[in-house]
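Ready for some practice in reading a protein model? Keep the structure open beside you and try each exercise before you look at its solution.

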Amino acid sequence: MGLRKPPLYDAHADAGARFTEFGGWDMPVEYDSIKAEHAAVRESVGIFDVSHMSEIEVSGPDATALMQRLTTNDVTALDPGDSQYSAIVNDEGVIIDDTVVYRLPDRDDRVYLFIPNAGHDEEMYDRWTSFCDEWGLDATVEDVTEEWAMFAVQGPDALDTVGAAAPDAKLGDLSKFQATFADVAGVECWVARTGYTGEDGFEVLCPWDDAETVWSSLDATPCGLGARDTLRLEMGYLLSGQDFDPEAEPRTPYEAGISFVVKLDTEFVGRDALERQKEAGVDETFVGFTLLDRGVPRHGYDIATEDGDVIGVVTSGTMSPTLSEPIGLGYVPVEYADSGTDINILVRGREKRAEIVTPPFIDR
């Protein structure tokens, strides 16, 4: 089966983009260079095509009950136009995926739109529909991934950029994690003050067939997934399938450093397992580190003590474009997790000195 392509695939190719496979999609990884695109987001504004992200819509009388039981955060706290970061876990409390849940404006029924990671739409659709049937709930679940294009406009100038294309929307009134329907270049879009770069910004969802109209109206530096990865890594944000994976890297929200998304006063799949872990404490935890010797840490490299005992593995690593320093993320036993703890990273089998750092690596 071939890779899925975003609606602007040909436009990206014509712009000189280089592509990579991600989550079953063929997506732009860079246009000019990762370093230049990274700098554009930190210093001005960049735009990412993130149409590979999944979209699932949940509506009907029991939509809230279904969302509440299948995500770890408290969806009842959401007013229309609000959103929240959340996790989806299995019976053991292990993260299957992380997501953003939007509550759309009230129309006929309460309606939610949530954004699983790339390639997870079929899995989440099946999960939601099977539990809905099992629990006898009155809700409708729709996989709308290929109905929406999605663009992330990120950086200090993001408000000016999106505002110029949507002059009547008053986007400056939106707080972080708020959203609204807005006219962008004549197209009704869902515009959210969200993103995954550490900068101010917006994520704009528009109808698939209107992608080119909306994209071309947003005057920002085109950026690929390479820069999106270095930007999120500088913030210590998780990457699905790498910093957690139910099979290759099974981690709970408490281990992965996102305990704030777990509301134990709600009932959800995996709640009891997470309550037990909270009471007992975790053995390992998610940390950042900086490399003190020359080298670049990469996914899969071993983390060791100063004496050479392997205590963990690097889940994400890069040369930070902002700091010009090698940085990384991974899990270590809690006794090694304090900032300033000396460790070693085995870079191509050679020990490199490193130091534990509490993310984010940059001040935002």
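Two residues are in contact here when heavy atoms of theirs lie within 4.5 Å. Keep in mind that this is a predicted model.

**Exercise 1. The whole chain**

Task: Work out what share of the contacts between residues at least 6 apart in sequence join residues at least 24 apart, and decide whether the radius of gyration agrees or disagrees with that of a compact globule.

Solution:
- Start with the contacts: of those between residues at least 6 apart in sequence, 66% join residues at least 24 apart.
- Next, take the dimensions. The C-alpha trace spans about 60 × 50 × 45 Å along its principal axes.
- Now compare radii. A compact globule of 364 residues would have a radius of gyration near 21 Å, and the protein has 21 Å, so the value agrees.
- Add burial to the picture: 55% of the 364 residues are buried.
- Finally, list the elements: the protein has eight helices and 19 strands.

**Exercise 2. An open sheet**

Task: Find which strands stand at the edges of the open sheet of five strands.

Solution:
- Write down the strand order, which is β5-β6-β7-β4-β8, with antiparallel pairing.
- Look at the ends of that order. β5 (83–89) and β8 (140–143) each have a single partner strand, so one side of each lacks a neighbour in the sheet.
- Check the turn between neighbours: on average, neighbouring strands of this sheet are turned by 25 degrees against each other, direction ignored.
- Zoom in on one pairing. Strand β4 (residues 56–59) and strand β7 (residues 111–115) pair in the antiparallel sense over four bridges.
- Within this pairing, Ile-56 stands opposite Phe-114 in β7.

**Exercise 3. Aromatic rings**

Task: Classify the pair formed by the rings of Tyr-102 and Trp-190.

Solution:
- A pair of aromatic rings is described by the distance of the centres and the angle of the planes.
- The structure holds ten aromatic pairs. In the pair of Tyr-102 and Trp-190, the ring centres are 6.1 Å apart and the planes stand at 85 degrees, so the pair is edge-to-face.
- Recall the cut-off: planes over 60 degrees apart count as edge-to-face.
- Locate the partners. Tyr-102 is in strand β6 (residues 95–103) and Trp-190 in strand β11 (residues 187–192), 88 residues apart, and the pair links distant parts of the chain.
- Both Tyr-102 and Trp-190 are buried, and together with Phe-181 they form one aromatic cluster.

**Exercise 4. Charges over rings**

Task: Find which residue lies over the face of Tyr-9 and which over the face of Tyr-331.

Solution:
- Lys-5 lies over the face of Tyr-9, 4.4 Å from the ring centre.
- Arg-251 lies over the face of Tyr-331, 3.9 Å from the ring centre.

Conventions:
Residues numbered from 1 in each chain as written. Predicted model: local features only at pLDDT ≥ 70, side-chain atom pairs only at ≥ 80, totals over all residues. Heavy atoms only, no water. Phe/Tyr/Trp six-rings, centres within 6.5 Å; stacked < 30°, edge-to-face > 60°. Helix = DSSP H or I, 4+ residues; strand = E, 2+ residues; numbered from the N terminus. Buried < 20%, exposed > 50% of the residue type's maximum accessible area, 1.4 Å probe, protein only. Lys NZ or Arg CZ within 6 Å of the ring centre and 35° of its normal. Pairing = 2+ DSSP bridges. Axes fitted to C-alpha atoms, helices over the stretch in contact; angles between N-to-C directions. Rg over C-alpha atoms; globule rule 2.2 N^0.38 Å.
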